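Biologist: I would like to learn how to read the enclosed spaces inside a protein model. Could you take me through them step by step?

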Amino acid sequence: MMMDEDIEQASLLSYNGRPKTFPNMRSKPYTPLIFRILRRLNVRVVSILLLLCFGAIFYMGASTSPIIVFVFTVCIISFLLSIYLTKWVLAKDEGPPEMVQISDAIRDGAEGFFRTQYGTISRMAFLLAFVILCIYLFRNTTPQQESSGLGRAMSAYITVAAFLLGALCSGIAGYVGMWVSVRANVRVSSAARRSAREALQIAVRAGGFSALVVVGMAVIGIAILYSTFYVWLGVDSPGSMKVTDLPLLLVGYGFGASFVALFAQLGGGIFTKAADVGADLVGKVEQGIPEDDPRNPAVIADLVGDNVGDCAARGADLFESIAAEIISAMILGGTMAQKCKIEDASGFILFPLVVHSFDLIISSVGILSIKGTRDASVKSPIEDPMVVLQKGYSLTIILAVLTFGVSTRWLLYTEQAPSAWLNFALCGLVGIITAYVFVWISKYYTDYKHEPVRTLALASSTGHGTNIIAGVSLGLESTALPVLVISVAIISAFWLGNTSGLVDETGTPTGGLFGTAVATMGMLSTAAYVLTMDMFGPIADNAGGIVEMSQQPESVREITDILDAVGNTTKATTKGFAIGSAALASFLLFSAYMDEVSSFAHESFKEVDIAIPEVFIGGLLGSMLIFLFSAWACSAVGRTAQEVVNEVRRQFIERPGIMDYKEKPDYGRCVGIVASAALREMIKPGALAIVSPIVVGFIFRILGYYTGRPLLGAKVVAAMLMFATVSGILMALFLNTAGGAWDNAKKYIETGALGGKGSESHKAAVTGDTVGDPFKDTAGPSLHVLIKMLATITLVMAPVFL
């Protein structure tokens, strides 16, 4: 990326005594191909095409179920609301020219990396799609597929199409997250010059736009796929597939979403944290300049990283979480309805789609409840942004409880067990409470208003080593409460489901697993608002960087610092939320995997005995996978950060005038370093995650063939999945919480505590923050995506292990 020659060659005086100019990193404005095509079309033509699309969608929905029509309607309304939020945000002013120039540089860097990264991911996705096609063309078929006439070729094409659609939608979700963040950041910066509450409102509504689009796309994508297969395959007609088997065809969609989310999280996390570590170590520790100071050559790369790592990757991440949870719950709902001989199983299968449709409604209310104030004075008292966000979340939680009860009574009522819907409503309440407790626990361990972070900050006063020791111990301790909460949630939901009154032909209760699925849906029933809080963080962080680089008054920076600190806490809480939902979703997908193996093997597969040496080895390999993946992710950040550190040091040495504002840093050089390194480094850990379960399952399948144990490969992979899930949850909790606590301990000292900025305590806290950066924004978030991807890949690749 090149800087404008006229800016590069300009003489630079003190920033306080000249008009501020900053690098414009764009060669020309970039617009995605699809938007360029749409712009060339006539408005009437576009309107007609949209009407035809909507007509076809609603026709398929009406041919499938009135429930699908309801889902389509809510999703389209949420898209219209997101358009309103976009127009509202974009109508806000961008501030003075220097802010706009910095924002343009961030936007172009983010969009450039996004195009390159997703180009690489798309090529890998097509390669994997070809592998899946080959496997499915030569695999065995299940009795259900044989009876419905769904041959190998048709099953292969359906799975590959679903995989590619899931990958595409996940990519779009990531782009939406980045698109809004690079446009909202400068508007939040500008609003901070007037009012903290206005800046908060803009950041929340920008995040709300992304959240509504991401959740809406996940729901409508699965609904369209479901209704298309329903109509195309003639489901429930004589000699065709049963509706209870249809959700298994959607597994490829979840796998595609997981695949893209994993590489997006890895690449984006390596980019953002390598730039952040390099900027902090040289800028803050060695040169003693403030965070986001325009003299730091890595500052633009750091701000670009917030968008590609926190916004784009998180959008793809939550899209994948919702898709995996919906599909697993649909599979379990169909399985339970089939065992219980429920005449109309559509309610149990489509229940997850309705829950998330209501999620869009209630989260919209929560987002719109956060309003600006009439007083635009910067000097007015600043209300704690966390309190404001918490009020919106509490309102969303209350509405979620009400709508969940309505959903269960509407869809889960059956004459066979008239009170079952009430038990499942209580399961949803368990999930909602679990989500709330998870958010509170994460907030307690990462917010500097509470004792753990303040204790960590105090440890910084005695040196760098004690800061690291305190941070590691805090992260290890933080795993206890979430595990206890998850354990209670699983047992409670399973018991409530089992006592719902739904039994199979032999009188055995069958609602336990579906009860756990309903609890997972309850936990994610406020996903859109949670994603809004998550997107708020990087937008506020970027806004603070723009304010610092454009040399705004200290009072403005104080406002953005408060928003940024709250953003760190919301990011940590939403990561805890994501880990909890990943644990429950993986439990459901594991159950679906065992059912799938039973179907292919034509024999029961209900338990895994770890006393068998090969199965125990599979468990060890699963745990090892988590640690090796985390190590490679963190080392990728470390290696790239070293390149950034060396480059920043080189510029300070070769351009001594940078510190006196007499020479301009080469921002583009640091952006280029982290971009190329992120693309290179994301391949190895990502390939490890995809290849490991397939190779292990295939090797032990061959061993089982020669030793007369046909299910050995499937059992070893099941153990690998179980141990990887358990180890991954604990590791992700440790990494995310420790990293967030280190970051906010630094923020606490920067408020003036323990000596404030520039003190020895602050330098020690910066060291802790740099250690925690790859923990909380690279390895930690990638792990909970990895957990769900392992579950989906074993489900898709089940025939390989038999």
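**Reading the cavities**

Modeller: Please keep in mind that this model is predicted; in it, the largest cavity holds about 110 Å³ of space. Of the 17 residues lining this cavity, Lys273, Asp276, Glu291, Asp541 and Asp743 are the closest to its centre.

Biologist: How many cavities of 30 Å³ or more does a search of the whole structure find?

Modeller: The search finds 10 of them.

Biologist: Which helices each supply at least two residues of the lining of the largest cavity?

Modeller: Helix H9 (251–286), helix H10 (299–339), helix H19 (554–601), helix H23 (712–750) and helix H24 (760–796) each do so, and H24 gives the most, with four residues.

Biologist: How does the lining of the largest cavity divide by class?

Modeller: A lining can be read by sorting its residues into nonpolar, polar and charged, with Asp, Glu, Lys and Arg counted as charged. In the largest cavity, 16 of the lining residues are charged and one is polar, while none is nonpolar.

Biologist: What lines the second largest cavity?

Modeller: That cavity, with about 90 Å³ of space, is lined by 13 residues, and those nearest its centre are Ser442, Ala572, Gly576, Leu733 and Thr737. Its lining has seven nonpolar and six polar residues, but no charged ones.

Biologist: Which helix gives the most to the lining of the second largest cavity?

Modeller: Helix H13 does, with five residues, and H13 (420–446), H19 and H23 each supply at least two.

Notes:
Residues are numbered from 1 along each chain as its sequence is written. This is a predicted model: local features need pLDDT of at least 70, side-chain atom pairs count only at pLDDT 80 or more; totals for chains, interfaces and linings use all residues. Side-chain values use heavy atoms; hydrogens and water are left out. On a 1 Å grid over the protein atoms alone, a cavity is a set of points where a 1.4 Å probe fits but cannot get out, and a pocket is an open set with protein on both sides within 12 Å along at least five of seven lines; lining residues have an atom within 4 Å of a point. Grid points are joined across faces, edges and corners, and a volume is the space filled by probe spheres set on the points.
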